[in-house]
Amino acid sequence: MKKTVQNFIGGEWTASATGETFESINPADTSEVVAAVSKSSRTDVDNAVNAARGAYRMWRLTPAPKRGEILYKAGEILTKRKRELGELLTREMGKVLAEALGDVQEAIDMAYYMAGEGRRLSGETIPSELPDKDCKSGRVPIGVCGLITPWNFPVAIPAWKLMPALVSGNTVVFKPSSHTPACAAMLVEILREAGLPAGVLNLINGSGEETGDYLASHYGIDGISFTGSTAVGLGIAKTCAERGKRVSCEMGGKNAIIIMEDADLSLALEGAVWGGFGTSGQRCTSSSRLVVHRAVHDKFLDMFAAAAGRLRLGSGLKPETDVGPVINKAQMEKVLKYIGTGKEEGAKLVTGGNACREGGCEKGYFIEPTIFSGVTPEMRIAQEEIFGPVVSVLRAEDLDDAIGIVNGTAYGLVSSIYTRDVNKSAVAERELDTGIVYINSSTIGAEIQLPFGGTKRSGFGHEEAGGRGGSLDMFTKWKVVYRDFSGRLQKAQIDR
Ligand code: UN1
């Protein structure tokens, strides 16, 4: 059933100022329109920013534990509606239902975690160097935040940003991907139902080029948190830098799994299949490179190709499906183009390589799980983020060589090593230049209670999610208060 998705501004669901709409389409069956969506103009963005500014003082002065209680309630409603939202997510974005439910679960985890932070947003008291004087620091919100989110985690990633932004007292203008607006609208509706006051969270729909860029450049916005491609992220960072705004960008990856000669190969195989082809390779954490020790390379490649060949493509709502579609036509064309590039560069196509248009895949954007071997580190398919079900296998001489290959890209989000040798794992843990390192596990599956972010061109600004150094650092500033109760002028550094 086709939904209507409007903007949500000042506590009301409203059509865009021009009345224009666009459609969100099921990528597994393009004859299904999931939603007709309001297409925002600059006026809508202005209205949303004004509503968020208007609500800011009230929300900032709402006690943080109370703000947390609303998030807790949202967690409860999300839990109740998990299946409904998961199914919508599969229809709108394509990932298989088990993964869609995981996406919603990640939002539930974040809601509960950040609800707790409402009672923990602590600062420090520190002794003064002067008598009769005290000093403290505490977190304060940064103001009105613009959140720009991608389609690959249509519920989890918005929740990663919304929950910390809201609990710490910011008001929000939320611009989700134009490919997953119905999921975003349901998340917003759940937060409204949980008791979020009008104006605190505003949703505007539209494309990145029009709505997203205008939001990032808006002088009524104090900070931007973005997740998406590196090219777009760097552009947003530049826009924000020119205007003196706080910005965090979570960007691309070219994540790799190292498989050493002593690895448990069946375990590594499961990790490689899950990391390479789960979510059709459309995670920023996907394992798009396998770096395999020469002693087990050929054996592992055979195992990997056989396993990839067994994966079933289809609608994510069918229980037997392993791999869903890619998000849209442009993405399908981009991935197929990269497959062509791999062949031209001289890599060997081991399995897959084509769009699939049979066996229930006729009406969607399906690509066969694809493996290239004989890939060398300088090839484009070993360097660039493809964001599809394509894995490049590289051969390594030893651990040093493998680490060098993994670190030899512009990205640094996630890496992983399979080995039974504790010394090798310790060296890898120390030397792999990525924000996240897994040992004997795939590159996907980050948990929300730890920071999430990458080095180099994978991330810019603060990390996301929880834990020390997580997203509360993005969404708060430190305010320092000195109180002098001596009744006289005391000069720091001078009166000694
Ligand atoms: C992303 O792909 O942008 O670790 C986020 C994972 C998920 C989050 C992925 N928990 O794969």
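**Exercise 1. A glycine in a loop**

Which residues does Gly435 touch, not counting residues up to four places away in sequence? Say also where Gly435 sits and whether it is buried, exposed or partly exposed.

*Solution.* Keep in mind that you're working with a predicted model.
- Step 1: place the residue. Gly435 is in the loop between α14 (422-431) and β22 (436-439).
- Step 2: leave out residues up to four places away in sequence and list what remains: Gly412, Leu413, Gly453, Gly454 and Thr455.
- Step 3: check the exposure. The relative accessible area of Gly435 is 44%. Buried means under 20% and exposed means over 50%, so a value in between is called partly exposed. Gly435 is therefore partly exposed.
- Step 4: try a distance. Asp302 is 133 residues from Gly435 along the chain, and their C-alpha atoms are 31 Å apart.

**Exercise 2. The ligand and its shell**

Work out which residues surround the ligand, which polar atoms face it, and where the ligand lies relative to the two domains.

*Solution.*
- Step 1: list the shell. Going along the chain, you'll find Glu106, Asn152, Phe153, Ile157, Trp160, Arg283, Cys284, Thr285, Ile444, Gly445 and Ala446.
- Step 2: sort it by class. That gives six nonpolar, three polar and two charged residues.
- Step 3: look at the polar atoms. Glu106 puts a polar side-chain atom 3.0 Å from a nitrogen atom of the ligand. For Asn152, an N or O atom of the side chain is 3.3 Å from a ligand oxygen atom. Ala446 uses its backbone instead: an N or O atom there is 2.6 Å from an oxygen atom of the ligand.
- Step 4: ask how covered the ligand is. Taken alone it exposes 320 Å², and the protein buries 99% of that.
- Step 5: bring in the domains. Domain 1 (3-251 + 458-481) and domain 2 (256-439) both give residues to the shell, so the ligand lies between them.

**Exercise 3. The two domains**

How many residues does each domain put into the contact, and how far apart are the domain centres?

*Solution.*
- Step 1: set the bounds. Domain 1 is 3-251 + 458-481, and domain 2 is 256-439.
- Step 2: take the centres over C-alpha atoms; 31 Å separate them.
- Step 3: count the contact, which takes 23 residues from domain 1 and 25 residues from domain 2.

**Exercise 4. Two side chains with polar partners**

For Asn26 and then Gln490, find the location, the exposure and the side chain on the other end of a polar contact.

*Solution.*
- Step 1: start with Asn26, in the loop between β4 (21-25) and β5 (33-38). Its relative accessibility is 6%, so Asn26 counts as buried.
- Step 2: find its partner. The side chains of Asn26 and Glu32 make a polar contact of 2.8 Å. Glu32 also turns up among the residues Asn26 touches, along with Val34 and Arg91.
- Step 3: move to Gln490, in the segment after β27 (476-484). Here the relative accessibility is 12%, so Gln490 counts as buried.
- Step 4: find its partner. A 3.2 Å polar contact joins the Gln490 side chain to that of Asp484. Beyond four places in sequence, the contacts of Gln490 include Leu130, Pro131, Asp132 and Lys133.

**Exercise 5. What covers a helix**

Name the buried residues of α7 and some of the elements that cover them.

*Solution.*
- Step 1: go through helix α7 (residues 208-217) and pick out the buried ones: Thr211, Gly212, Tyr214, Leu215, Ala216 and Ser217.
- Step 2: look at the cover. It includes helices α1 (42-60) and α8 (230-242), plus strands β8 (144-148), β9 (171-175) and β11 (223-227).

How values were computed: Residues numbered from 1 in each chain as written. Predicted model: local features only at pLDDT ≥ 70, side-chain atom pairs only at ≥ 80, totals over all residues. Heavy atoms only, no water. Near = heavy atom within 4 Å. Polar contact = N/O pair within 3.5 Å; in protein donor to acceptor, adjacent residues only side chain to side chain. Areas by Shrake-Rupley, 256 points an atom, 1.4 Å probe, with all protein chains shown as cover. Nonpolar A, V, L, I, M, F, W, Y, C, P; charged D, E, K, R; others polar. Domains from an automatic or database assignment. Helix = DSSP H or I, 4+ residues; strand = E, 2+ residues; numbered from the N terminus. Buried < 20%, exposed > 50% of the residue type's maximum accessible area, 1.4 Å probe, protein only. Contact = heavy atoms within 4.5 Å.
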